[in-house]
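Here is a friendly walk through one protein model, written for someone at the bench. Keep the viewer open while you read.

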Amino acid sequence: MEDCIFCKIVRGEIPAERVLEDDRFLAIKDLHPKAPVHVLVLPKEHLASLDQVGQWRADQSHALLECIVAVADKLGIRESGYRIVSNVGPDAGQEVDHLHVHVLGGERLGGF
Ligand code: AMP
Ligand code: ZN
């Protein structure tokens, strides 16, 4: 995807603070953090949102979840707890149309 901002980050065309990376996923610090720890976990392959996950094999979605846990572990919030959020579409306020999961923690998060 030529103009997708997260695809550009994956390709290294836009800087981002990389937290964790493997061949399939990239975790970056959110530019405008809403909590002391606020990371975005995204697949390197472009997918518009979680709504498109039917295009994946089951092991790919499992790997995404494992990557989220690995990020929480690396950032030291696995024991204290964290929240994951993935906005899908207009009513959720999705701003970037490349599947990503917010990982939030590092403090007691407010009610949902
Ligand atoms: P969403 O509303 O779920 O689409 O959230 C998009 C998130 O991406 C927001 O929390 C933004 O702060 C974040 N964001 C946008 N551009 C960048 C960027 N270049 N690097 C890191 N995070 C970004
Ligand atoms: Zn993309």
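The sections below cover the basis of the model, a metal site, a ligand site, an aromatic pair and a few individual residues.

## Basis of the model

This is a predicted model, in which local features need pLDDT of at least 70, side-chain atom pairs count only at pLDDT 80 or more, and totals for chains, interfaces and linings use all residues. Residues are numbered from 1 along each chain as its sequence is written, chains are lettered from A and ligands numbered from 1 in the order in which they are written, and side-chain values use heavy atoms, with hydrogens and water left out.

## The zinc site

Let us begin with the metal. Cys-4 (SG), Cys-7 (SG), His-46 (ND1) and His-98 (ND1) are the protein donors of the zinc ion (ligand 2), at 2.1 to 2.3 Å from it. Donors here are N, O and S atoms within 2.8 Å of the metal (3.2 Å for Na, K and Ca); water is not among the atoms, so sites may look incomplete. The four donor atoms subtend angles of 105 to 116° around the zinc ion, so the arrangement is tetrahedral (for four donors, all angles between 85 and 135 degrees). For reference, the ideal angle for four tetrahedral donors is 109.5 degrees.

Along the sequence, the donor residues follow the spacing C-x2-C-x38-H-x51-H. Cys-4 sits in the segment before helix 1 (5–11) and His-46 in the loop between strand 3 and helix 2, so this pair ties together parts that are 42 residues apart in sequence. Helices (H or I, at least four residues) and strands (E, at least two) are DSSP runs, numbered from the N terminus. Cys-4 is buried, with a relative accessible area of 11%, while His-46 is partly exposed at 23%. Buried means under 20% relative accessible area, exposed over 50% and partly exposed in between (1.4 Å probe, protein chains only).

## Around ligand 1

Which residues come nearest to ligand 1? Of the 16 residues around it, they are Asp-30, Asn-87, Glu-95, His-100 and His-102 (a residue counts as near if one of its heavy atoms lies within 4 Å).

Polar contacts (pairs of N or O atoms within 3.5 Å) add detail. A polar side-chain atom of His-100 is 2.8 Å from an oxygen atom of ligand 1, and a backbone N or O atom of Gly-93 lies 3.2 Å from an oxygen atom of the ligand. A polar backbone atom of Leu-31 is 3.1 Å from a nitrogen atom of ligand 1.

## The aromatic pair

The structure holds one aromatic pair. The ring centres of Phe-25 and Trp-56 are 6.2 Å apart and their planes meet at 70°, so the pair is edge-to-face (centres within 6.5 Å, planes over 60 degrees apart). Phe-25 belongs to strand 2 (residues 25–29) and Trp-56 to the loop between strand 3 (37–43) and helix 2 (58–74), 31 residues apart. Both Phe-25 and Trp-56 are buried.

## Three buried residues

Ser-49, in the loop between strand 3 and helix 2, is buried at 7% relative accessible area. Its side chain reaches the backbone nitrogen of Asp-51 at 3.0 Å.

Ile-9 lies in helix 1 and is buried at 6% relative accessibility. Leaving out residues up to four places away in sequence, Ile-9 touches Ile-14, Ala-16, Arg-18, Leu-26 and Ile-28 (contact means heavy atoms within 4.5 Å). Gln-60, in helix 2, is buried at 12%; beyond its neighbours within four places, Gln-60 is in contact with Arg-24, Phe-25 and Glu-45.

Key: Rings of Phe, Tyr and Trp (its six-membered ring) pair if their centres lie within 6.5 Å; planes under 30 degrees apart count as stacked, over 60 as edge-to-face and the rest as tilted. Four donors count as tetrahedral if all angles lie between 85 and 135 degrees; four count as square planar and six as octahedral if opposite donors are over 155 degrees apart and all others between 65 and 115; anything else is irregular. A polar contact is a pair of N or O atoms within 3.5 Å; within protein, one must be able to donate a hydrogen and the other to accept it, and residues adjacent in sequence count only if both atoms are side-chain atoms.
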